[in-house]
Amino acid sequence: MPFLELTLTVRAEQQPRTEEALDDIGALSITLRDADAETPDEQAIFEPGVGELPLWPTITLSALFDADIDRRGLMETLGELLPWLEPDQLGLQEVADEDWERAWMDQFKPMSFGRRLWIYPWNIEPPADDDAVVVRLDPGLAFGSGTHPTTALCLEWLDSLELTGKSVIDYGCGSGILAIAALKLGADRAVGVDNDPQALTASADNAERNGVAGRLTLFLPEDHVVEPAEVFVANILAGPLGELAPTFAAAAKAGAPFAISGILDSQQDELLQRYAAWFDELKVDTREDWVRISGRRRG
């Protein structure tokens, strides 16, 4: 079945009300993108940090509706809800039906990290291998499939550890990929923390599908009562990593290995200096333009 795609280009401050209006009139899905994409004014936004929702100055929202929707009624209602809209901010087109999740999964191939850890999509059955540790992943509702360099750096780090029987905190858990990988690598229990409720939903669903839901506890940052863990990992951006350093130090037991990522190559010096107050054996590893800092909590 085809769909009707309605696009609206608005300023960042108009985005919340616009998205609410599209939801009110029955949009089946809403996607946000940079209105200046593929122009000299395009701005890259990476995975947001805890408590952050960065947006572009000008945003294009694309909303899908059933193709047989009353278009006149749709536009009249939208005009009532958003009276400041101008015609040149709007676009309508029919789009063909497509199994978007299947298209995504057809492009998502098995990936290996370190000696034995693999990430497999659900549409590919892993071969029998007693030494392989396999995490199965669907697109889900949130970020983290292993394809981003920061996620890959953290997965490789987890694979290098002896995790059997350990407790792990994954701060900025996204899809839950790091916490789930730690549990499948032998950790006894894990805590995932994320500021996005949809990320917690995705993490819970992925944990259930991987058979580790009973050992993963999930929290919003404001609900997380810090209990120091034996392993700590955080994959968020450099700004929050700097601000949360004391919190992370309190969340890692003496001697605990830790890793932080989401750091651009030019940002590590300040963070190395900041984390040296609590952590020893600091080491930097890079992939593409991204950095992982790892070390050990001072005893």
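Here are short questions and answers on a predicted model. Residues are numbered from 1 along each chain as its sequence is written, and side-chain values use heavy atoms, with hydrogens and water left out. Local features need pLDDT of at least 70, and side-chain atom pairs count only at pLDDT 80 or more, while totals for chains, interfaces and linings use all residues.

Visitor: Which strands stand at the edges of the open sheet of four strands?
Guide: Strands are DSSP runs of E, at least two residues long, and helices are runs of H or I, at least four, numbered from the N terminus. Two strands pair if DSSP finds at least two bridges between them. The order is β2-β3-β1-β4, with antiparallel pairing. Each edge strand has a single partner, so one side is left without a neighbour in the sheet: these are β2 (29-34) and β4 (90-95).

Visitor: Over how many bridges do β1 and β3 pair?
Guide: β1 covers residues 3-11 and β3 covers residues 58-66. T9 stands opposite T60 in β3. The two strands pair in the antiparallel sense, and the count of bridges is nine.

Visitor: Which strands does helix α1 touch?
Guide: Contact means heavy atoms within 4.5 Å. Helix α1 (residues 15-24) packs on the sheet. The strands touched by α1 are β1, β2 and β3.

Visitor: Is helix α4 largely enclosed or largely open?
Guide: Buried means under 20% relative accessible area, exposed over 50%, partly exposed in between, with a 1.4 Å probe and protein chains only. Among the buried residues of α4 are L153, W157 and D159. Ten of the eleven residues of α4 (149-159) are buried, so this helix is largely enclosed.

Visitor: At what angle do α4 and α5 pack?
Guide: Axes are lines fitted to C-alpha atoms, for helices over the stretch in contact, and angles run from 0 to 180 degrees between N-to-C directions. The axes of α4 and α5 (residues 177-184) are 10 Å apart. The helices pack at an angle of about 15 degrees.

Visitor: Which residues of α5 meet α4?
Guide: An α-helix has 3.6 residues a turn, so residues three or four places apart point the same way. From α4 come T151, C154, L155 and L158. Their partners in α5 are I177, L178, A181 and A182.

Visitor: What is the phi of E281?
Guide: Most residues other than glycine have a negative phi. E281 lies in strand β13 (residues 279-287). E281 is not a glycine, yet its phi is positive, at about 55 degrees.
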